[in-house]
Structure formats: C-alpha cells, structure tokens
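Please open the model in your viewer and keep the selection panel at hand. The stops below go from a surface patch to a pocket and then to a single side chain.

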Amino acid sequence: MWAYGNVRALLMRLSYVCIQPGDSHYQIEKRATEKVFRGKVLVCSYQYSENECAAVIPLRFGSPRILVVTGWIKRNLGPNLDRDPSPLARLWRYKFDPRVDLVLSVPKSRSSDLDKIIEQLSCGTYPNLASWRRKAVKALLG
C-alpha cells in the first residue's frame, strides 16, 4: 500500500460509513455528516456512487478524509497529484489538497477487498497500521 498526503490523518479518530443495500443517498450523507461533526476522519473510496456520496461529505466542512483507491496514485490523482478522482468532489474543492486529505493506494488485485480494507483501517485492525502510525509520528516530530 502506498500513501500520499496528510499522514496525520492516520493519528486521528477514524471511522467509515457502513453502506447497506437499499440505503438512499440522503441516509448515507446523514450518517457521514454525523461522523464528521463528531470529529472523526472518514475512511472512504469512490468505488461506487454510494461510496462517493459519503466521500465528499468531509469536503463540505473542510475536514480531512482518507481516500482508499485501487491502482497507482498518479492514475487516480493525475500527473501533478492534484486532481480529485471524483468530479462531484470538485464542487467543494478545486483540486486535491494533500495538506488535508490522505490517499492510500492498494493494488488492483485487492480491489474486491476495498470495503474490507476500509473497515479494517477505520477499526484499527489493518495489518501494519500501528507501524504506519509510529512512522507518521516520527515524521511529524522530525
């Protein structure tokens, strides 16, 4: 897994929006908004339109988010690493801001596991997450 952006987001309280079949966009947005208002960093993706619905909520309020994508980071963010993968996100922010958000890239072979990876990251059970957090602290302290 590769990372680009605000590694401090890994040190914050993480959460995700559990999306059930049949959930309306309104229900998803409401749950995501509640989590952001509670000071949590959403771990999300753009894999489906329902996921995208939750992933843009932090942008509305200037909150950080962790975006999990499949494949190369440059393929998702463009050659300058400044294009948000979602056109919907560009309504709130002109371009991707690595000072606020963090992008984690997983191999395409793991794309079917994306929801599981997001859940594990937000629950703190993803393998090597503790090691990443220690490295983030080290990098921030210099």
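Helices (H or I, at least four residues) and strands (E, at least two) are DSSP runs, numbered from the N terminus. The model is a predicted one, in which local features need pLDDT of at least 70 and side-chain atom pairs count only at pLDDT 80 or more, while totals for chains, interfaces and linings use all residues. Residues are numbered from 1 along each chain as its sequence is written, and side-chain values use heavy atoms, with hydrogens and water left out.

Select leucine 11 to begin, in the loop between β1 (2–5) and β2 (14–15). Leucine 11 counts as partly exposed because its relative accessibility is 38%, where buried means under 20% relative accessible area, exposed over 50%, and partly exposed in between (1.4 Å probe, protein chains only).

Turn next to the largest pocket, where a pocket is an open set of points on a 1 Å grid over the protein atoms alone, fitting a 1.4 Å probe, with protein on both sides within 12 Å along at least five of seven lines, and lining residues have an atom within 4 Å of a point. Its volume is about 270 Å³, taken as the space filled by probe spheres set on the points, which are joined across faces, edges and corners. Of its 15 lining residues, select Val17, Cys18, Ile19, Asn51 and Asp115, the closest to the centre. Then colour β3 (41–44), α2 (49–55) and α5 (114–123), each of which supplies at least two residues of this lining.

Finish at tryptophan 72, in the loop between β4 (65–70) and α4 (73–77), which is exposed at a relative accessible area of 64%. A distance drawn from its C-alpha atom to that of glutamate 119, 47 residues apart along the chain, spans 21 Å.
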